[in-house]
Amino acid sequence: MATWSDVELLTNEDTNTVRLDSVSGEENGSGLYQVDTLVKISSADKVPADPRLLSFGASNWSIVVIDKTVILFDQSYQTILLLLHF
C-alpha cells in the first residue's frame, strides 16, 4: 500500500483563505454546487487503483484516512495536527 505522506495545505497567504480551483456550476439543471480544494494529499509510492479513503470532521478538527495513513487537521485545514502511518 502507498504511504500518503505528501500533504500540501493550499493557503492563499494574501487573504488567509484556503482554496484551489474553485468550481461552480449546475448539476442536472436544478442544483448549484461549489467545490473547494482545501488540501492536496499525494504519495511518492505507486498508488493502487482504488485507495481506501475515509474522512470525518467535527467543529474544531477534521480527520482523513487513506489506506494506512491517518491525517488530523485543525478546523480550517491550515495545520496538520497529526500524521500517522500504520
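Which residue in β8 is the bridge partner of L54? Keep that in mind as you move through this predicted model.

**Whole chain.** Show the protein chain as a cartoon. You will find ten strands and zero helices. Step along from the N terminus and each element is β, through to the last.

**Surface.** Now switch on the surface for the protein chain. The accessible area comes to about 6,300 Å². Carbon and sulfur atoms hold 50% of that area. Next, colour by burial. Of the 86 residues, 21% count as buried.

**Contacts.** Display the contacts with a separation of 6 or more. Residues 24 or more positions apart account for 43% of them.

**The sheet.** Select β7, β8, β9 and β10. These four strands form an open sheet, in the order β7-β8-β9-β10. The pairing is antiparallel. Strands of a sheet pair through backbone hydrogen bonds.

Go to the edges next. Select residues 53-57 for β7 and 80-85 for β10. Each has a single partner strand, so one side of each is left without a neighbour in the sheet. Then look at how the strands sit against each other. Neighbouring strands of this sheet are turned by 10 degrees on average, direction ignored.

**The β7 and β8 pair.** Keep β7 selected and add residues 61-66, which make up β8. The two strands pair in the antiparallel sense. Five bridges join β7 and β8.

**Last stop.** Label L54 and look across to β8. The bridge partner of L54 there is V65.

Notes:
Residues numbered from 1 in each chain as written. Predicted model: local features only at pLDDT ≥ 70, side-chain atom pairs only at ≥ 80, totals over all residues. Heavy atoms only, no water. Buried < 20%, exposed > 50% of the residue type's maximum accessible area, 1.4 Å probe, protein only. Contact = heavy atoms within 4.5 Å. Areas by Shrake-Rupley, 256 points an atom, 1.4 Å probe, with all protein chains shown as cover. Pairing = 2+ DSSP bridges. Axes fitted to C-alpha atoms, helices over the stretch in contact; angles between N-to-C directions.
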